[in-house]
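Visitor: I should like to learn how to read the features of a protein model. May we work through one together?

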Amino acid sequence: MRIQTGSPARGANFFKREPLIQKSWDLLESGEHILLAAPRRVGKTSLMYFLMDYPRENFSFIFLDTESINNENEFFRRIVNKLLKTQHVKSSQKLLTFLDKHKPIIKKVGLEGIEFGVSDQHDYFGMLRRILHTISLEQGRLVIMLDEFPETLENIIADEGEAAGKHFLQSNRELRQDAELSDKVQFIYTGSIGLENIVSKLNVMKTINDLSRLKIPPLTESEAKAMIQALLAGLPFDLSAAIIDYILEKIEWLIPFYIQLVLQELRNLHRDRSVQEVTRDIVDQAFREMLEQRNHFEHWHTRLRETLKGSDYNFVKEILNIACESGSISSNEIMNLSVKYKLEAVYKDLIGSLVYDGYINNHDDAHTYRYNSPILRMWWRQNVAN
Ligand SMILES: Nc1ncnc2c1ncn2[C@@H]1O[C@H](COP(=O)(O)OP(=O)(O)O)[C@@H](O)[C@H]1O
Ligand SMILES: [Mg+2]
């Protein structure tokens, strides 16, 4: 297993989180549609790639990153496109006959299969549904994985309004509820921002209440240790048990990404400064170097900047500033701040988003919020608060 910090971990570089993989298959095999929930960088896309790359018998997958999509028809057109490139669809005679009748919208047959033009007039939702009805899945069930789905929903709401957003959710639900499709098509939705937060603001929770929620928790301590060992196997230095404990203690929120980042910095120190033995001081230094890589963490701030306006932004920024200076912030302080910013009516939603998106939590004590990870806290203190 090699260090990988840029793109999702795949193949031999994916650390197999057995309990999580098992849970995913349990849900898929019982026919559920899944909402894969976890903050950014926790490993959602990596997990989906793993399911797709090592499918169980009778399952096949398509994966679509929907982040840039901003209208419903485009969304379904992109799924149709993907679908037509899959093997079992290409080899379905019934489907080819169906497509023959719809020739006018077929743009070209390229290297990768049939490509469709952006004919806005065409109803791609209807077309997707008919294709799904037509294909007989001799290879078993098809799982359609839609990454960054909540971003798409946000885009649609921003560009076309709330009614369009509700319609979009309703269309997705209709496909999932289609009785003829129930034993052959399943969906996995995911994204780094809380779908439930957006949907509940629209007041249409019923459009997603059929989804089974699958959470991606941080690694357990023993998983984290196993992952470190797997990475060390490919590195030219070793770490003592005491140093590994020290690293885990410093990371606290044991997501694979942070483990990758720390080992990457240790590798750089070893390589560039010919560090022989990794000591606590070296680990501290690796953390400092890591925090200087702006690009690893910048998105945590950008996200707030982009989605929150005016006093909403100032309110959450002050909360995060206080929590990083003092180590925590109490719900009393939060309430007082909501008065200061005149946000009494909505501040609970804002805190809910901060929790969901992985900034803070109140696990230990319901009335006290602290950062999920000292790493993000340190980064925030250095780069945003001061
Ligand atoms: N199972 C895993 N094994 C190894 N590294 C992982 C794993 N899951 C996540 N990572 C690390 O975390 C980073 C972010 O993972 P990714 O799947 O892109 O997260 P998300 O889609 O939730 O934002 C990856 O680049 C990789 O460094
Ligand atoms: Mg992702």
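Visitor: Which residue in E6 stands opposite Leu146?

Guide: Please bear in mind that this is a predicted model. Tyr189 in E6 is the residue opposite Leu146. Strand E5 (residues 141–147) and strand E6 (residues 185–191) are paired in the parallel sense, over five bridges.

Visitor: What is the strand order of the open sheet with parallel pairing?

Guide: To read a sheet, one follows the pairing from strand to strand. Here the order is E2-E5-E6-E1-E7, an open sheet of five strands. Its edges are strand E2 (59–65) and strand E7 (212–215), each of which pairs on one side only. Neighbouring strands in this sheet are turned against each other by 20 degrees on average, direction ignored.

Visitor: Which strands does helix H3 touch as it packs on the sheet?

Guide: Helix H3 (residues 72–84) touches E2 and E5, and the direction of H3 makes about 140 degrees with that of E2.

Visitor: Which strands are at the edges of the antiparallel sheet?

Guide: That open sheet consists of three strands in the order E8-E10-E9, with antiparallel pairing. Strand E8 (329–330) and strand E9 (360–361) are its edge strands, each pairing on one side only. Between E9 and strand E10 (residues 368–371) there are two bridges, in the antiparallel sense. Within E10, Tyr371 is the residue that stands opposite Ile360.

Visitor: Into which domains is the protein divided?

Guide: A domain assignment gives the bounds from which one may begin. In this case the division is into domain 1 (18–215), domain 2 (221–292) and domain 3 (295–385). The centres of domain 1 and domain 2, taken over C-alpha atoms, are separated by 38 Å.

Visitor: Which domains each supply at least three residues to the shell around ligand 1?

Guide: To read a ligand shell, one asks where its residues come from and of what class they are. Domain 1 (18–215) and domain 2 (221–292) each contribute at least three residues to the shell around ligand 1. Among the helices, helix H2 (44–53) and helix H12 (256–272) each provide at least two.

Visitor: Which residues come nearest to ligand 1, and how many in its shell are charged?

Guide: Of the 20 residues around ligand 1, the nearest are Phe15, Gly43, Thr45, Ser46 and Phe257. By class, four residues of the shell are charged, while eight are nonpolar and eight are polar.

Technical notes. Residues are numbered from 1 along each chain as its sequence is written. Chains are lettered from A and ligands numbered from 1 in the order in which they are written. This is a predicted model: local features need pLDDT of at least 70, side-chain atom pairs count only at pLDDT 80 or more; totals for chains, interfaces and linings use all residues. A residue is near a molecule or strand if its C-beta atom, placed from the backbone, lies within 6 Å of it. Helices (H or I, at least four residues) and strands (E, at least two) are DSSP runs, numbered from the N terminus. Ala, Val, Leu, Ile, Met, Phe, Trp, Tyr, Cys and Pro count as nonpolar, Asp, Glu, Lys and Arg as charged, and the others, Gly among them, as polar. Domain bounds come from an automatic or database domain assignment. Two strands pair if DSSP finds at least two bridges between them. Axes are lines fitted to C-alpha atoms, for helices over the stretch in contact, and angles run from 0 to 180 degrees between N-to-C directions. Two residues are in contact if their C-beta atoms, placed from the backbone, lie within 7 Å.
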